[in-house]
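This report describes one serine and its surroundings, and then turns to the interface between two domains. The sequence and model are shown below.

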Amino acid sequence: MKRIAALAVASLMATGAAAQTVKIGVVNTFTGPQAMFGDMTDRAFKLYQKLHDKELPSGVKLEFVTRDDGGPNPDKARQLAQELVVRDRVQILAGVAFTPNAMAMAPLATEAKIPLILTNAGTSVVTTRSPYIVRFSFTLWQSCVPLGEWAAKKFKRAYTLVADYAPGQDAEVAFAQGFKAGGGELVGSVRVPLQNPDFAPYMQRVKDAKPDALMVFVPAGKTSTSVMKTFADLGLAAAGIKLIGPGDITTDEELANMGDVALGVTTVFHYSAAAERPANRRFVEAWKKEYGANATPNFAAVAAWDAMAAIFHVVKEQNGKIDSERTMELLKGYRNADSPRGPIAIDPETRDIVQNEYLREVRRVNGQLANVELETVATAVKDPWKEMQKKK
Ligand code: DHB
């Protein structure tokens, strides 16, 4: 054994490579109704590493220290991030499903000068809270403005129902802007509690207002299925009200649990597991091979996949010796013409993702429900909220 270890060291020295471990701290949601986020992110990180490990410079290893924040829980997220930085000495932070958690971690990233690579947390303002934040997910503004514009061509009267916290407010305001600009009339808007909401009384109110369409944002996961079921159970679908929203409400991995009530629901989003792009076909195939034929990656998985590709890029460029400023420089110029979601880039000015938005409809494909992409409604979309702030 000793001899083998000595040989390994000798061969490392011979090639001039020093053993180098890059430590990455992950904070994400692994328990509760949105546990999907932790699971998807973890699987995507692991799959990317498994398939690309050989590309790392010789002697360079990635080590992950992963922590569960349990859901929207800013104090817990801040504490976990602090421990990861101070005790575990991580060089990069990644993950974060919920906006309030990302907001709580932002000052720490700034103080410690540690890059924070977001794989979810979709409220526009988040990236402005630290120069060390880079977002690989999306903003609600990116999907909800084009959704509103599209909806105005189809419907006269719309109602909005959103989870009562920052991304919900973004979704509501962005949709209203697009819908009104297109000549639509908003007949009502309601905000529902983030934790354990009972949608029935709110849905009843919507039904009584008789809108043509209802736009919903809730955090994706089991809550999306509960929205879908209440919408059907209270007879909104039967009353001819059309359910629309950002892709959170028809999150790919829940479609099978939603059943036929989801058929025809139309959304605008940046990722669908059903997309026909070759890069996506390869991604979904690799996912199913690794995790089983019934496993489906979703938008959280693709965000983590792309984030890991970017982490590999910065690690390779620096030969495993991570410098925060250089890492930020590399991330600001990062682009990938062939992500499973289409071309992506990081806007160097805002450190936010630039990507396409697709109009999708839930249809049955080969016996299974899928978010079928109908058209690209907007290309290379920069966060519209930040574009607006610039003009102010
Ligand atoms: C958040 C945003 C989402 O789109 C989602 O599905 C869950 C959480 C957030 O920013 O908190």
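Ser 272 is buried, because its relative accessible area is 0% (buried means under 20%, exposed over 50% and partly exposed in between, with a 1.4 Å probe and protein chains only). The model is predicted, so local features need pLDDT of at least 70 and side-chain atom pairs count only at pLDDT 80 or more, whereas totals for chains, interfaces and linings use all residues. Residues are numbered from 1 along each chain as its sequence is written, and side-chain values use heavy atoms, with hydrogens and water left out.

**Surroundings of Ser 272**

Ser 272 sits in the loop that links strand 10 (266–269) to helix 10 (278–291); helices (H or I, at least four residues) and strands (E, at least two) are DSSP runs numbered from the N terminus. Two polar contacts of its side chain are tabulated; a polar contact is a pair of N or O atoms within 3.5 Å, where within protein one must be able to donate a hydrogen and the other to accept it, and residues adjacent in sequence count only if both atoms are side-chain atoms.

| Partner of the Ser 272 side chain | Distance |
|---|---|
| Backbone nitrogen of Ala 274 | 2.9 Å |
| Backbone oxygen of Asn 371 | 2.6 Å |

Leaving aside residues up to four places away in sequence, Ser 272 touches Asp 252, Asn 280, Arg 360, Asn 371 and Glu 373, contact being heavy atoms within 4.5 Å.

**The two domains**

The protein chain is divided into domain 1 (2–138 + 277–351) and domain 2 (140–269 + 356–391), with bounds from an automatic or database domain assignment. Their centres, taken over C-alpha atoms, are 29 Å apart. At the interface, 28 residues of domain 1 are in contact with 27 residues of domain 2. About 2,100 Å² is buried between the domains, with carbon and sulfur atoms giving 56%; buried area is the accessible area (1.4 Å probe) that two parts lose on being put together, summed over both. Of the area that domain 1 buries against domain 2, Ser 124, Phe 138 and Phe 299 supply 24%, more than any other three residues.

Three salt bridges are counted between domain 1 and domain 2, each a side-chain nitrogen of Lys or Arg within 4 Å of a carboxyl oxygen of Asp or Glu. Lys 390 forms a salt bridge with Glu 349, and the closest N and O atoms are 3.7 Å apart. Across the interface of domain 1 and domain 2, 11 residue pairs are in polar contact, both residues at pLDDT 80 or more.
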